[in-house]
Amino acid sequence: SEKLTVRTFGGLSVYYQGAPISILWESQKARLLFCYLMTTNDQWVHRDKFIEILWPGCSGSAGSNNFKTTLSRLRKSFSGPRVINPVMTQGEAVRINIHDIDVDVNQFRQKAVAGIKLMSRGDAKAAREYLEAAHDLYTGEFLPEEPFNEFITNARNELAELHSSVIRYLERIYTQEGDHAALEAFHLLNKCMVMSPA
């Protein structure tokens, strides 16, 4: 794939064709804006939301100028081994460039929600595949290097809660299927993850 892969669970890291690459962030605000974009589930978000959390209390014109500068620096940060534009814009709305970047947190949400919906319809067999895929993606806390950022912490807690739901449904499926080997391995894996987060 020509896309970049961004992993957020267990720490922010970027990969190209399976190999890790370093991003030389032009500024801390550019990195934070990128992290915030990871929380928005591929949705268009008005730039004012990001201005408010990056520069709380900043005046309209100053906030707008700050955002333009930071967006430019974010784009410049991705001008390394394979130049891509990490952010799409539409008027005053922004989102991650889903055409050039795959993000684990978005895949996790999609697979977890799909699996839970299938469970609610009573289709445990089809749900298992989605729930296991979601569980495999959750390799640690969401962006743990930002422990005191309220916006990211809220997203981290929401994702951890969704992962807990995934675990509960998988336990139910394995128990219903009488798959004791899978259940035992599943419990062991989760115990190791709690003791030694990725």
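Started in helix H5 (residues 124–137; helices here are DSSP runs of H or I, at least four residues, strands are E runs of at least two, both numbered from the N terminus): Glu132 and Arg128 sit four residues apart there, about one helical turn. I looked up their contact and found a salt bridge, with the closest N and O atoms 2.9 Å apart. My rule for that term: a side-chain nitrogen of Lys or Arg within 4 Å of a carboxyl oxygen of Asp or Glu. Glu132 comes out partly exposed at 24% relative accessibility (buried is under 20% relative accessible area, exposed over 50%, partly exposed in between; 1.4 Å probe, protein chains only).

Note to self: this is a predicted model, where local features need pLDDT of at least 70 and side-chain atom pairs count only at pLDDT 80 or more, while totals for chains, interfaces and linings use all residues. Residues are numbered from 1 along each chain as its sequence is written, and side-chain values use heavy atoms, leaving out hydrogens and water.

Next I counted: eight salt bridges by this rule. Lys3 pairs with Asp102 at 3.4 Å between the closest N and O atoms. Lys3 is in the segment before strand S1 (4–7) and Asp102 in strand S7 (residues 101–103), so this pair ties together parts 99 residues apart in sequence. I get 25% relative accessible area for Lys3, partly exposed, and 27% for Asp102, also partly exposed.

Then I checked Glu26 and Lys76, which meet in a salt bridge at 3.9 Å, N to O. Glu26 lies in the loop between strand S3 (19–21) and helix H1 (28–38), Lys76 in helix H3 (residues 60–77), so parts 50 residues apart in sequence are tied together. Lys76 is exposed at 52%, whereas Glu26 is partly exposed at 37%.
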